[in-house]
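The following account leads the reader through one protein structure, from its overall architecture to its cores, a helix pair and its charged contacts. The sequence and the model are shown first.

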Amino acid sequence: MTTQTRHAERCAVLLIAKSAFAAAPHADMAAIAAQVVARHPDANVRFAFTEQGTPSLREALASLVDQAFMRVAIVPLVLPMEPGFHTWLRKAVRRWRSEDGRPWPEITLAGHIGQSPMMADLVAGLLSTARPLDLADNPKALIEGSLVPD
């Protein structure tokens, strides 16, 4: 059985976020991808960024097309999600596919993460990790301040 045939029998999952400027967001996305793999060991899970960061969504999709997967499930991990995000995503993927002469896999698009019935459980789990902020007056910290306007 060839590698291409094996991939055609499987689904790729592409987790997307808007942008990443540093190593920490990449590490976060890699950790989320590892959790998805733990639940779906047969899936090839990747991540990409739609605005800034590497790999870009377009690069990641091209790589998955190269590997001849039968289906690619795109899962936007974007909060808050702009009302037109899914529309933009559909149009962008449609345009990229039309510009590419190769056969593409079926592309599926997961729903809005903020509307997931599991969101309340996620927030409850996050609340259990809440720790007090150190708000003690520190003259040096007050001088450095914040970029957030009053």
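The protein chain contains 6 helices and 4 strands. Along the sequence these elements follow the pattern α-β-α-β-α-β-α-β-α-α. The coordinates are those of a predicted model, and every statement below refers to that model. Of the 150 residues in the protein chain, 28% are buried. Among contacts between residues at least 6 apart in sequence, 73% join residues at least 24 apart.

The interior may be considered next. In soluble globular proteins, nonpolar side chains tend to be buried together. The largest nonpolar core in this model has 20 residues, and Leu14, Ile16 and Leu61 are those with the most contacts inside it. Two or more residues of this core are contributed by each of β1 (11-19), α3, β3 (71-76) and α4. Another core, of 11 residues, lies apart from it and has Val13, Leu15, Ala20 and Phe47 among its members.

Ile16 offers a useful view of the surroundings of the largest core. When neighbours within four places in sequence are left aside, the contacts of Ile16 include Met29, Ala48, Thr50 and Leu57. Further contacts of Ile16 include Ile74, Val75, Pro76, Leu77 and Val78, together with Phe85 and Leu89. One of these partners, Thr50, is found in strand β2 (residues 44-52). Is Thr50 buried or exposed? Its relative accessible area is 15%, and because the limit for a buried residue is under 20%, Thr50 counts as buried. Not counting residues up to four places away in sequence, Thr50 touches Ile16, Ala17, Lys18, Leu57, Phe85 and Trp88.

The packing of two helices, α3 and α4, can be described in the same manner. Their axes come within 11 Å and cross at roughly 50°; the two helices are therefore oblique to each other. The crossing in which α3 passes α4 is right-handed. On the side of α3, the contact is made by Leu57, Arg58 and Leu61, while α4 provides Trp88, Leu89, Val93, Trp96 and Glu99.

Charged side chains form a further set of interactions, and the model has 6 salt bridges. In one of them, Arg102 pairs with Asp66, with the closest N and O atoms 2.0 Å apart. Arg102 lies in the loop between α4 (85-99) and β4 (106-109), whereas Asp66 belongs to helix α3 (residues 57-66), so this pair ties together parts that are 36 residues apart in sequence. Arg102 is partly exposed, with a relative accessible area of 31%, and Asp66 is exposed, at 57%. The side chain of Arg102 also meets that of Asp100 in a salt bridge, at 2.6 Å from N to O.

Within α4, Glu99 forms a salt bridge with Arg95, for which the closest N and O atoms are 4.0 Å apart. What separates these two residues along the helix? Glu99 and Arg95 are 4 residues apart in helix α4, which means that about one helical turn lies between them. Both residues are partly exposed: Glu99 has a relative accessibility of 48%, and Arg95 has a relative accessible area of 43%. Salt bridges that share partners join Arg58, Arg95 and Glu99 into one network. Arg58 and Glu99 also take part in the contact between α3 and α4.

Key:
Residues numbered from 1 in each chain as written. Predicted model: local features only at pLDDT ≥ 70, side-chain atom pairs only at ≥ 80, totals over all residues. Heavy atoms only, no water. Buried < 20%, exposed > 50% of the residue type's maximum accessible area, 1.4 Å probe, protein only. Core = buried A, V, L, I, M, F, W, Y, C linked by side-chain atoms within 4.5 Å. Contact = heavy atoms within 4.5 Å. Axes fitted to C-alpha atoms, helices over the stretch in contact; angles between N-to-C directions. Parallel < 35°, antiparallel > 145°, perpendicular 65-115°, else oblique. Left-handed = near helix turned anticlockwise from the far one by under 90°.
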